Amino acid sequence: MKTQDPKDIKIVFTDIDGTLYSHVTGGVPASAVEAIHKLQEKGIKVFLCSGRNFYLIRKSGILNVIHPDGMVTMNGSNAIIAGKVIYRYPIPEAVVDKLILFAKKLKFGLTLIEENEGHINMIDDRVISAHEKYGTRFPQPRHFPDHYDRTVYQMIAFCDEIEESLFLPHLQNCKSARWDEFAVDIMLKDSDKWRGIESVLDYYGYKPENALCLGDGNNDREMLTNAGIGVAMAEATDIAKDAADYITDDIDENGWANAISHFGLI
């Protein structure tokens with residue numbers, strides 16, 4: 001059952017891009033940094049919950065200004081506490097190989113994300129455009145063999161919706177979450193941020209009503225729906241807003257800290 005009682009909140013999960021990290025200023029708002037410190041001083045845990053893997057989170061510089069109690073990475077495929085991975089949910093090799101085949105046939109960029117690194121098959125205008133919008137760097141391109149024998153947790157296809165419709169039905173037990181006109185996350189149907197969050201809640205013995213989640217993208221829908229309190233940013237997608245209990249201000253108008261204050265957590 002949903003709760004709006006802040007006394008029940010013991011842990012906060014926050015998306016990074018567009019929620020905690022501003023791509024306008026290239027950093028975390030000072031008000032959010034202060035709010036996180038105050039939450040942790042009160043004993044409320046704060047976790048990053050991102051589509052990025054640990055390597056890309058570290059490269060963003062976020063860990064230089066905040067010190068989360070843990071992370072849920074790669075859209076819920078990994079959960080990390082005290083530097084230790086407590087949960088892993090990789091994509092089967094057969095599914096990875098099939099998407100590699102489609103990428104070669106349809107000639108679109110494909111990033112395969114592993115636990116601590118990622119690799120891309122090619123770079124074109126669509127890859128460059130998507131990464132520039134989010135201020136992220138793409139890895140050096142490398143040839144993908146027909147059989148990829150490394151463990152993959154998430155895939156990003158740099159394609160339009162028509163191309164997506166050609167391959168997605170052929171990827172067994174997979175779903176997509178589009179975050180750009182030419183970029184879409186591909187993950188297992190039963191894998192999302194909330195599944196990774198559940199592993200953290202189980203670790204601490206918490207219940208869903210003990211969690212407050214903040215996000216702005218389509219891949220945040222499940223966690224905003226299932227958490228005790230779900231908060232969407234003002235610039236969030238319609239899907240994220242529909243899933244949320246509360247819509248806060250813009251990220252660059254102290255939206256993160258304002259949401260925490262609205263619920264009386266600080």
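**View 1. Y246 and F263, a ring pair around helix 9.** Y246 comes out as partly exposed, because its relative accessibility is 23%. F263 has a relative accessible area of 7%, so this residue is buried. Keep in mind that this is a predicted model. The two ring centres of Y246 and F263 sit 5.4 Å apart with the planes at 80°, so we call the pair edge-to-face. Y246 belongs to strand 13 and F263 to the segment after helix 9, so the pair ties together parts 17 residues apart in sequence.

**View 2. F47 meets Y204.** Searching the whole structure turns up 10 aromatic pairs. One of the edge-to-face contacts is F47 with Y204, at 6.2 Å centre to centre and 85° between the planes. Here the pair links distant parts of the chain, with F47 in strand 2 (residues 45–49) and Y204 in helix 6 (residues 193–204), 157 residues apart. Is F47 buried or exposed? F47 is buried, because its relative accessible area is 0%. Y204, at 25%, is partly exposed. Zoom out a little and F47 and Y204 turn out to belong to one aromatic cluster, together with F13, Y203 and Y206.

**View 3. K104 reaches D146.** Now for the charged side chains: the whole structure holds 15 salt bridges. In this one, K104 pairs with D146, and the closest N and O atoms are 2.7 Å apart. It's another link between distant parts of the chain: K104 is in helix 3 (residues 93–106), while D146 is in the loop between helix 4 (125–134) and strand 8 (154–158), 42 residues apart. K104 has 34% relative accessibility, so this lysine counts as partly exposed. D146 has a relative accessible area of 57%, so this aspartate is exposed.

**View 4. K193 and D220, a buried salt bridge.** The side chains of K193 and D220 meet at 2.6 Å, N to O. Which parts of the chain does the pair link? K193 is in helix 6, and D220 is in the loop between strand 11 (211–215) and helix 7 (221–226), so to speak distant parts of the chain, 27 residues apart. Both partners, K193 and D220, are buried.

**View 5. R221 and E222 in a salt-bridge network.** E222 forms a salt bridge with R221, and their closest N and O atoms are 3.6 Å apart. E222 has a relative accessible area of 17%, so it counts as buried. R221 is partly exposed, with a relative accessible area of 41%. Which residues are joined into one network by salt bridges that share partners? They are K175, D192, R221 and E222.

**View 6. A negative patch on the surface.** Four acidic side chains, E235, D249, D252 and E253, form this negative surface patch. To find E253, look in the loop between strand 13 (246–247) and helix 9 (255–262). E253 has 52% relative accessibility, so this glutamate counts as exposed.

Key:
Residues are numbered from 1 along each chain as its sequence is written. This is a predicted model: local features need pLDDT of at least 70, side-chain atom pairs count only at pLDDT 80 or more; totals for chains, interfaces and linings use all residues. Side-chain values use heavy atoms; hydrogens and water are left out. Patches are made of residues with over 30% relative accessible area and no salt bridge: like charges are joined within 9 Å, nonpolar side chains (Val, Leu, Ile, Met, Phe, Trp, Tyr) within 5 Å. Accessible areas come from the Shrake-Rupley method with a 1.4 Å probe; for residues, only the protein chains shown count as cover. Lys and Arg count as positive and Asp and Glu as negative; His and the chain ends are not counted. The place of a charge is taken as NZ of Lys, CZ of Arg, CG of Asp or CD of Glu. Helices (H or I, at least four residues) and strands (E, at least two) are DSSP runs, numbered from the N terminus. Buried means under 20% relative accessible area, exposed over 50%, partly exposed in between (1.4 Å probe, protein chains only). Rings of Phe, Tyr and Trp (its six-membered ring) pair if their centres lie within 6.5 Å; planes under 30 degrees apart count as stacked, over 60 as edge-to-face and the rest as tilted.
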